[in-house]
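Colleague: I would love a close look at how the pieces of this model are packed against one another. Please take me through the packing slowly, with any backbone details you would want me to check on the way.

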Amino acid sequence: MKEIVTIQIGDYANYVGSHFWNFQDELIGLAEDSQADSVYKNHDLNMDVLYRTGETQQGISTYTPRLVSINMRGSLGSMSSRGTLYKEVAPTTSDIFTWTGEVSTQASEPRKKNLFLQSLYEEENLNMVNENNGSLSEDQDKNITECLENEVQFWTDYSKVHFHPQSLYELNGVWTDVADFDNYGIGRDSFTWASQGEEISERLRFFVEECDHVQGFQFVVDDSGGFSAVASELLENIVDEYTNTPVMLYAVRGSGSRASPQSRNRKILEELHDAISFSRLSSYSKLIVPVGLPSLSKASKFLHIEDEKHYHSSAVYAAALHSISLPFRMVPVGPTADACSVSGAVDFHGLIQMLSGQGRQNMVSILDVAMPTPALTGGQNEPSLLEHFKPLTPMISEDGEDIQAIEHLTVHGAFTSVEGRRASICEVKDTVDAAFQRANTRPMFSHLSTALCPLPIPLPFPSIFGNQVGKHGKLISDQLTNSSSKGSLDVHSIPMAARLRSSSAVLPLLESKLQNLHRYGITRGAAGAELLRSWGFGKEELEEMQEMLSKMVATLCPPQLSSDSD
């Protein structure tokens, strides 16, 4: 088996991760539920790729994510940093006294669990299900979803997953209410490897050493502020220690996470942070995927998202990450693929080689999503599946054609348009092939992974579906689009499609970072030169970053035709 170790760094990364692990937990629960759809019982997905088995001190078996989560102190809300499976370790009283003066203890009241977390606690500890009063249960679920819509303050507020005590790490001295933790420099100053990095490495080592064969590290990093510096320090150590293990990194940030800069100095700081952050993170990754639009209003006409709510936007990104990760844990199948639930399995190394190891060797991929995926059609006058994809990567060109593009698609839980049933593996393949045949421009290479299992919608998922979305994600065309949104009580699963593509469409993003680094940090008299020095960057290191970004741009630029004639 080839395991994946996931590392989530920063507040928004953990918002995304919380939804991602909720999806996995829901899949595990449905596979064991005798009343659930059979598609969940035979999904041919090996969850051990992401999860580890263990045992508590009381001898109770556990199944927890193979995860290291890093965030600010105080960011866990009502959850303990040791998770919920293991008892808190009581502080010991030392017999050695080195202080003879007065001693005072500062303690804060533990944060109260919200209605959702209270219900989880009651269900797990009392192990009671009131089967004779379904209406009360429905009312409680309704109250829970309303509570989450209005009261989420931490990513743990909607997490339904048990974590191992080694998983949750809070940075000492970095609190959630420090509003200035917003740039690479302060992240670098706040993180010391000797006191913090070594402990994080030990936690990571704990998960790695129990694996048979690690296929890769899945990084999800909030790159909007100081956590990109923390991630860079950790990545540098990982690349040195685990030389042959590839890193795939999602650089995520919340919609509207930054207000318009109020001053020129603020604009310069943000532009330099973005350039430095991207350069540093990409230098340690085999594949980097920038994720995070200023607004998700155009991501899907079937979703109603409040951009200011991280709880909302992170759910969309997590759904896309879930879809992209499916091929990594698909059970390999033989030539009779149509009789199975999955097709197109590929591991970390295979995907990275596919997107960045051939052709132009571009290591920056674009993430697209169709959420939910409309029913598969074959009509000449109807939009194909490919036309429903919307980018989740910012600052890309949507007009240019790139005949050297390379794409990896994942489609799962799709419906047919004629009978409204779930499409077979072969039907999905045929529909995608037909869509490429009809397209004006085809990529140089494309790979398709497909599964019958849809995206399950857990109870704490936000109410972001338009009322055209049916119970299992089928689109109801005769519904109005301006009524209230639906959530997990009305929508139980949806078909999904996600795509990673290596394309010159990402050039505007790369050129922007290159130009800003050169303009504000490197040219003679650059306005941000002193700022970068305060962040610890010298001229030589900045020029190396500029050279790396220049190569990324040159890799994707079309070759210039020579004007000389023979």
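Modeller: Happy to! When I name an element, a helix is a DSSP run of H or I with at least four residues, a strand is a run of E with at least two, and the numbering starts from the N terminus. Please keep in mind that this is a predicted model.

Let me begin with a backbone detail. D44 sits in the loop that joins α2 (38-41) to β2 (51-55). Its phi is near 55°, which is positive although the residue is not a glycine. Most residues other than glycine have a negative phi, and most peptide bonds are trans. That second habit has its own exception here: the peptide bond between M371 and P372 is cis, with omega about -15°. P372 belongs to the loop between β10 and β11, and those two strands take us straight to the sheet.

The sheet is open and has 6 strands, in the order β9-β13-β12-β16-β10-β11, with mixed pairing. β9 (342-343) and β11 (390-391) are the edge strands; each has a single partner, so one side of each has no neighbour in the sheet. At the β11 edge, β10 (residues 366-370) pairs with β11 in the antiparallel sense through 2 bridges. If you want a spot to zoom in on, D368 faces P391 of β11.

Helices pack on this sheet. Helix α10 (residues 348-356) touches β12 (406-412), β13 (445-451) and β16 (496-502), and its direction is at about 135° to that of β12. Helix α11 (residues 425-438) lies across β9, β12 and β13, at about 150° to β13.

Now for the helix pairs, where I would spend some time on α12. Helix α8 (residues 264-283) and helix α12 (residues 507-522) meet at an angle of about 120°, and their axes are 9 Å apart. This angle makes α8 oblique to α12, and the crossing is left-handed. From α8 the contact draws on R264, K267, I268, E271, L272, D274, A275, I276 and F278, and from α12 on L509, L510, K513, N516, L517, Y520 and G521. By class, that gives 9 nonpolar, 2 polar and 5 charged residues.

α12 also packs with helix α14 (residues 539-556): their axes come within 9 Å and cross at roughly 155°. Angles over 145 degrees count as roughly antiparallel, which is why α12 is described that way relative to α14. This crossing, too, is left-handed. On the α12 side the contact uses L507, L510, E511, K513, L514, L517, H518, G521 and I522, and on the α14 side L542, E543, M545, Q546, L549, S550, M552, V553 and L556. These divide into 11 nonpolar, 4 polar and 3 charged residues. It is worth lining up the two contacts: L510, K513, L517 and G521 of α12 take part in the one with α8 and in the one with α14.

One more helix pair rounds off the tour. Helix α6 (residues 193-209) packs with helix α7 (residues 227-241) at about 50°, with the axes 11 Å apart. That makes α6 oblique to α7, and here the crossing is right-handed. W193, I200, S201, L204 and R205 of α6 meet E233, L234, N237, I238 and E241 of α7. The classes in this contact are 5 nonpolar, 2 polar and 3 charged.

α7 also brings us to an aromatic ring. The structure holds 15 aromatic pairs; one of them is F181 with F227, edge-to-face, at 5.0 Å centre to centre and with 75° between the planes. F227 is in helix α7, while F181 is in the loop between β5 (168-175) and α5 (184-190), so the pair links parts of the chain 46 residues apart.

Notes. Residues are numbered from 1 along each chain as its sequence is written. This is a predicted model: local features need pLDDT of at least 70, side-chain atom pairs count only at pLDDT 80 or more; totals for chains, interfaces and linings use all residues. Side-chain values use heavy atoms; hydrogens and water are left out. Axes are lines fitted to C-alpha atoms, for helices over the stretch in contact, and angles run from 0 to 180 degrees between N-to-C directions. Angles under 35 degrees count as roughly parallel, over 145 as roughly antiparallel, 65 to 115 as roughly perpendicular and the rest as oblique. A crossing is left-handed if the near helix is turned anticlockwise from the far one by less than a right angle, and right-handed if clockwise. Contact means heavy atoms within 4.5 Å. Ala, Val, Leu, Ile, Met, Phe, Trp, Tyr, Cys and Pro count as nonpolar, Asp, Glu, Lys and Arg as charged, and the others, Gly among them, as polar. Two strands pair if DSSP finds at least two bridges between them. Rings of Phe, Tyr and Trp (its six-membered ring) pair if their centres lie within 6.5 Å; planes under 30 degrees apart count as stacked, over 60 as edge-to-face and the rest as tilted.
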